[in-house]
Amino acid sequence: MQRDQNDLASGRHLTESRAREEIARYCALLWERRLVTGTSGNVSVRLEDGDIIVTPTQVSLRAVAASQLVRTDAGGDPRQGQGQPTSELPLHVAAYQARPDVHAIIHTHPTFCVVWSKTGAVFDRDTVGARETLGEVAWTPYEPPGSQALARVTAAEFSRGIDTVLMERHGLSAVASTLEQAYVATDLAEEAARIAFFSRFLPER
Ligand SMILES: [Zn+2]
């Protein structure tokens, strides 16, 4: 994938049209990397004025178009003429409220993260990639998808300064100042979970 300097810019500095393009591009990438399936997963960017650009409900991230993305106010109410946002919007709103430094959120259902979440703990982060690039990850207990309770337990971890949360029997949520950083955290977390899973089959040494 082609990258340019603008990818490094904070979401805060993105115009609405650029934010829409970037979100659509990362949605396709999440699908290609198999970090989401079906219509699962949702992505958002917070603009400089506090409004949120977020993926719509019931649309596969495989082919979400920039024009399908929904602009809401900071409280999650869609601006006039916009479609229906993801049902997981409360999580995004709560995360942005918890973290003024965050301008991008990626929520996914990566297979090995979901499997590992059932252990009630976070996978080891003992590989070079995980140790160097993936920060601390928190585990949170199951709450129904789309609920305020889920938004609350997840945002509580973000407010402690943790950027990546493993959600029991559900998936992963990563917050960052840019979509690129949130994407890298998501990708690395799934790799760390995959390695931790297969490492359980190794003989003792
Ligand atoms: Zn989900």
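Two residues are in contact if their C-beta atoms, placed from the backbone, lie within 7 Å; the exercises below apply to a predicted model.

**Exercise 1.** Determine which residues Ala189 is in contact with, leaving aside its neighbours within four places in sequence, and place Ala189 in the nonpolar core.

*Solution.* Applying the cut-off of 7 Å between C-beta atoms, one finds Cys113, Leu134, Val137, Thr164 and Leu172 in contact with Ala189. Turning to the largest nonpolar core, which holds 56 residues, Ala189 is among the four that touch the most other members, together with Ile23, Ala95 and Ala182. Helix H6 (residues 179–199) supplies the largest share of this core, namely nine residues.

**Exercise 2.** Describe how strands E5 and E6 are joined and how the chain passes from E5 to E6.

*Solution.* Strand E5 (residues 137–140) and strand E6 (residues 164–167) run parallel and are joined by four bridges, with Val137 standing opposite Thr164 in E6. Between E5 and E6 the chain crosses through helix H5 (residues 148–159), and this β-α-β crossover is right-handed.

**Exercise 3.** Work out the strand order of the open sheet, and explain why one side of E3 and of E5 is left without a neighbour in the sheet.

*Solution.* The seven strands follow the order E3-E2-E1-E4-E7-E6-E5, with mixed pairing. Because strand E3 (70–72) and E5 stand at the edges, each has a single partner strand, and one side of each is therefore left without a neighbour in the sheet. Helix H5 packs on the sheet, touching E5, E6 and E7, and its direction makes about 155° with that of E5; H6 also packs on the sheet, touching E1, E4, E5, E6 and E7, with its direction at about 150° to that of E7.

How values were computed: Residues are numbered from 1 along each chain as its sequence is written. This is a predicted model: local features need pLDDT of at least 70, side-chain atom pairs count only at pLDDT 80 or more; totals for chains, interfaces and linings use all residues. A nonpolar core is a set of buried Ala, Val, Leu, Ile, Met, Phe, Trp, Tyr and Cys residues joined through C-beta atoms within 7 Å. A residue is buried if 20 or more other C-beta atoms lie within 10 Å of its own, exposed if 12 or fewer, and partly exposed in between; C-beta atoms are placed from the backbone. Helices (H or I, at least four residues) and strands (E, at least two) are DSSP runs, numbered from the N terminus. Two strands pair if DSSP finds at least two bridges between them. A crossover is right-handed if, with the strands pointing away from the viewer, the path from the first strand over the helix to the second runs clockwise. Axes are lines fitted to C-alpha atoms, for helices over the stretch in contact, and angles run from 0 to 180 degrees between N-to-C directions.
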